[in-house]
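Biologist: Please take one part of this model and look at it closely. I would like the pockets, with the sheet and the rest of the fold as background.

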Amino acid sequence: DLGSDPYRLFIFVPDGTPTSEIELLESTAYATYLDSNVKATVLDSKEALKGKAAPFIPRKLKTVQAVLVSPDGSQSLPVKLTEEGKPLAISAWDGLESVFDSKRRNSVLSKVYEHYGVILIVEGKNTEENQRIGDLANRVVKSISGQMDKLEKEIREPPIVEMISTRDFDTEKAFLWSLRITEIAETPQVAILYGRGRMIGPVLRDERLDEQSLKAIVNTIGLNCECGLDRKWMQ
């Protein structure tokens, strides 16, 4: 009822691109994002200059290139659609799917559906800090798990901790980018997911990442969301 703005994927094609390739990209993008919150558009440079895609046109458009843009337009991520030695029909499909399909993302989301929530830790360069924050997150999970029977609403499975290592960062780039985690930091970064994968609260990092803040956000998930406010006002 409240609606949501989609992510936009602008697929830029060089001038003179054969119609068959444009149609291939359009049909592949349509099939890939049919049931997603990503809206794809294929554009040449002249078409792109006329609309919202203008700020994201690549400087050198010699091959097919794509840019994923956040709903508010403040962030963008290049998406590779071509690969040497592969036909466009295959490389484009792989590239388009990479926006929402990755091993760790799928694992995290399959667990968040069934559990109270997921505390997602993205490792930093500091190994000791990674261990410390992992221990901190486990303490928060233990604290919440001991109070599950006292929650305002029934949740059967306790929260769990998932960690994405620095070596997995590149393969999970689109997933982490959507959470506004765009680079490997010196210390870990933490996002809390619940429901069907919605993030609650900000990404915790640096001085904001402590046990009190983490526990406060995780505790919020267990609160009863029913209220007596007029729904029309909310909408």
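Modeller: What follows goes from the whole chain to the sheet, then to the two pockets.

This is a predicted model. The protein has 235 residues, and 38% of them are buried. Its secondary structure comes to eight helices and eight strands. Along the principal axes, the C-alpha atoms fill a box of roughly 65 × 50 × 30 Å. Take the contacts between residues at least 6 apart in sequence: 67% of them join residues at least 24 apart.

Now the sheet. Four strands form an open sheet in the order E6-E5-E7-E8, and the pairing is mixed. Strand E6 (160-164) and strand E8 (198-205) are at the edges. Each has a single partner strand, so one side of each lacks a neighbour in the sheet. On average, neighbouring strands here are turned by 20 degrees against each other, direction ignored. Strand E5, residues 118-122, runs parallel to E6, and five bridges join the two. Within this pair, Leu 120 stands opposite Glu 162 of E6. Helix H7 (residues 211-221) packs on the sheet. H7 touches E5, strand E7 (189-194) and E8, and its direction makes about 175 degrees with that of E8.

E8 leads on to the pockets. The largest pocket has a volume of about 1200 Å³. Its lining counts 32 residues. Closest to the centre are Tyr 7, Asn 37, Ser 178, Gly 197 and Arg 198. Helix H4 (103-114), helix H6 (173-178) and E8 are the elements that give two or more residues to this lining. H4 supplies the largest share, with five residues. By class, the lining of the largest pocket holds 14 nonpolar, eleven polar and seven charged residues.

The second largest pocket has a volume of about 290 Å³. There, 20 residues form the lining, and the closest to the centre are Val 79, Lys 80, Asp 94, Gly 95 and Ser 98. At least two lining residues come from each of strand E4 (76-79), helix H3 (88-97) and H6. H6 therefore deserves a second look in the viewer. By class, this lining divides into seven nonpolar, six polar and seven charged residues.

To close on the element that recurs: H6 gives two or more residues to the lining of the largest pocket, and H6 supplies at least two to the lining of the second largest pocket.

Definitions and conventions
Residues are numbered from 1 along each chain as its sequence is written. This is a predicted model: local features need pLDDT of at least 70, side-chain atom pairs count only at pLDDT 80 or more; totals for chains, interfaces and linings use all residues. Side-chain values use heavy atoms; hydrogens and water are left out. Two strands pair if DSSP finds at least two bridges between them. Axes are lines fitted to C-alpha atoms, for helices over the stretch in contact, and angles run from 0 to 180 degrees between N-to-C directions. Contact means heavy atoms within 4.5 Å. On a 1 Å grid over the protein atoms alone, a cavity is a set of points where a 1.4 Å probe fits but cannot get out, and a pocket is an open set with protein on both sides within 12 Å along at least five of seven lines; lining residues have an atom within 4 Å of a point. Grid points are joined across faces, edges and corners, and a volume is the space filled by probe spheres set on the points. Ala, Val, Leu, Ile, Met, Phe, Trp, Tyr, Cys and Pro count as nonpolar, Asp, Glu, Lys and Arg as charged, and the others, Gly among them, as polar. Buried means under 20% relative accessible area, exposed over 50%, partly exposed in between (1.4 Å probe, protein chains only).
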